[in-house]
Amino acid sequence: MRNLPDSVRLTTGQGGLPVVQVDGATAAAEVYLHGATVTRWAPTGADDALWVSGSSHFTAGKPIRGGVPICFPWFGALDDHPDAPAHGFARLTSWQLAGAQDDGEHVTLTLSLTDADVAASPGAADWPHRFEAVYTVVVGARLSLSLTVTNHDDAPFTFEEALHTYFAVQDVRTTEVAGLEGHAFLDRLAGPGPVPGEDAPVRFDGETDRIYLGVGSGAAVHDLAAGRSVVIAKRGSDATVVWNPWIDKAAAMADFGDDEWTGMVCVEVCNVRDTAVSLAPGASHTMTAMYQLSPTG
Ligand SMILES: O=P(O)(O)OC[C@H]1O[C@H](O)[C@H](O)[C@@H](O)[C@@H]1O
């Protein structure tokens with residue numbers, strides 16, 4: 001991709017992977033072509049809003065542990081495909097940078113991935129459909145992430161998707177996630193059935209891995225110790241996942257520092273399980289997540 005605006009630079013990042021550096025009028029950001037993973041977003045004058053593990057891999061075939069990995073075309077394990085990579089192939093493959101524009105306030109990056117790009121990727125044979133995914137990243141005081149999937153096959157297909165965002169917090173033990181009150185959820189650490197909704201924001205005192213299905217509205221991460229909140233809005237998403245691995249799971253992950261679990265929480269705008277998306281040939285679907293920082297009030 002040529003003709004980048006002055007605020008956008010395509011350079012070499014960790015592990016020798018190509019990375020797009022954005023230094024816009026209202027925010028800075030960084031996006032690895034590997035997985036189209038946004039690894040940094042810092043509105044001007046604010047600390048980085050996203051968390052990336054100091055132990056992350058930065059290598060082809062492995063996901064980046066942090067920022068916003070894209071889970072597509074499945075979430076978690078793929079039913080009946082025990083060898084398929086967790087969360088699909090989109091986060092394991094290099095995307096194409098298709099466009100970059102700066103309107104003086106926002107910088108917009110467009111990245112794309114097709115079945116041809118993933119042909120050699122682990123898991124491609126487990127979901128053998130012709131598709132195009134276009135990811136639009138609008139960097140500004142608000143970060144907007146839109147994933148549009150188009151079915152270029154001659155038969156319908158179904159997919160799951162998640163923007164698996166790792167938010168940086170001062171301490172997850174003094175962080176709460178609001179906006180999910182009253183919604184039943186699947187607790188991936190308990191049985192398969194839904195757990196009744198709670199009447200208070202989600203607080204963290206142990207490993208947490210919840211899927212809220214049928215939730216089309218956003219949420220907010222309140223980092224009480226820092227006095228900072230991230231307000232999450234969304235469109236085209238009917239589920240939300242909340243995750244923190246806590247002590248033992250963090251220690252068991254090679255790409256996650258043992259003591260890093262206190263500094264992050266994942267709140268994932270998604271369509272998973274019963275909210276998976278089915279597309280007829282030629283049809284498209286767009287899911288958008290929007291993040292904005294505000295003082296906790
Ligand atoms: O380790 P990963 O494959 O990146 O998955 C990390 C986490 O992703 C999601 O939040 C799932 O709900 C969790 O069950 C999973 O542990």
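Biologist: Which residues does the UniProt annotation "active site" cover here?

Modeller: First, a reminder that this is a predicted model. The label comes from an unreviewed UniProt entry, and it covers His164 and Glu268. They span 105 residues in sequence, yet their C-alpha atoms are no more than 4.8 Å apart, so they gather at one spot.

Biologist: Okay, where does His164 sit, and is His164 buried or exposed?

Modeller: For burial, you count C-beta atoms around the residue's own: 20 or more others within 10 Å makes a residue buried. His164 has 23 C-beta neighbours inside 10 Å, so it counts as buried. As for its place, look at the loop between strand S11 (161–163) and strand S12 (166–168).

Biologist: And how many C-beta neighbours does Glu268 have inside 10 Å?

Modeller: Glu268 has 25, so it counts as buried too. Glu268 belongs to strand S21, residues 264–271.

Biologist: Which residues do these two touch?

Modeller: Skip anything up to four places away in sequence, and His164 touches Val68, Pro69, Cys71, Cys266 and Glu268. With that kind of neighbour left aside, Glu268 contacts Ala162, Leu163, His164, Thr165, Thr240 and Val241.

Biologist: What about the ligand: which residues are around it?

Modeller: The shell is made of Pro63, Gly76, Ala86, His87, Arg188, Asp209, Val241, Trp243 and Cys266. By class, that shell divides into 5 nonpolar, 2 polar and 2 charged residues. Two names should ring a bell: Cys266 is among the contacts of His164, and Val241 is among those of Glu268.

How values were computed. Residues numbered from 1 in each chain as written. Predicted model: local features only at pLDDT ≥ 70, side-chain atom pairs only at ≥ 80, totals over all residues. Near = placed C-beta within 6 Å. Nonpolar A, V, L, I, M, F, W, Y, C, P; charged D, E, K, R; others polar. UniProt positions renumbered as here; feature names shortened; annotations may be inferred. Helix = DSSP H or I, 4+ residues; strand = E, 2+ residues; numbered from the N terminus. Buried ≥ 20, exposed ≤ 12 C-beta atoms within 10 Å, placed from the backbone. Contact = placed C-beta atoms within 7 Å.
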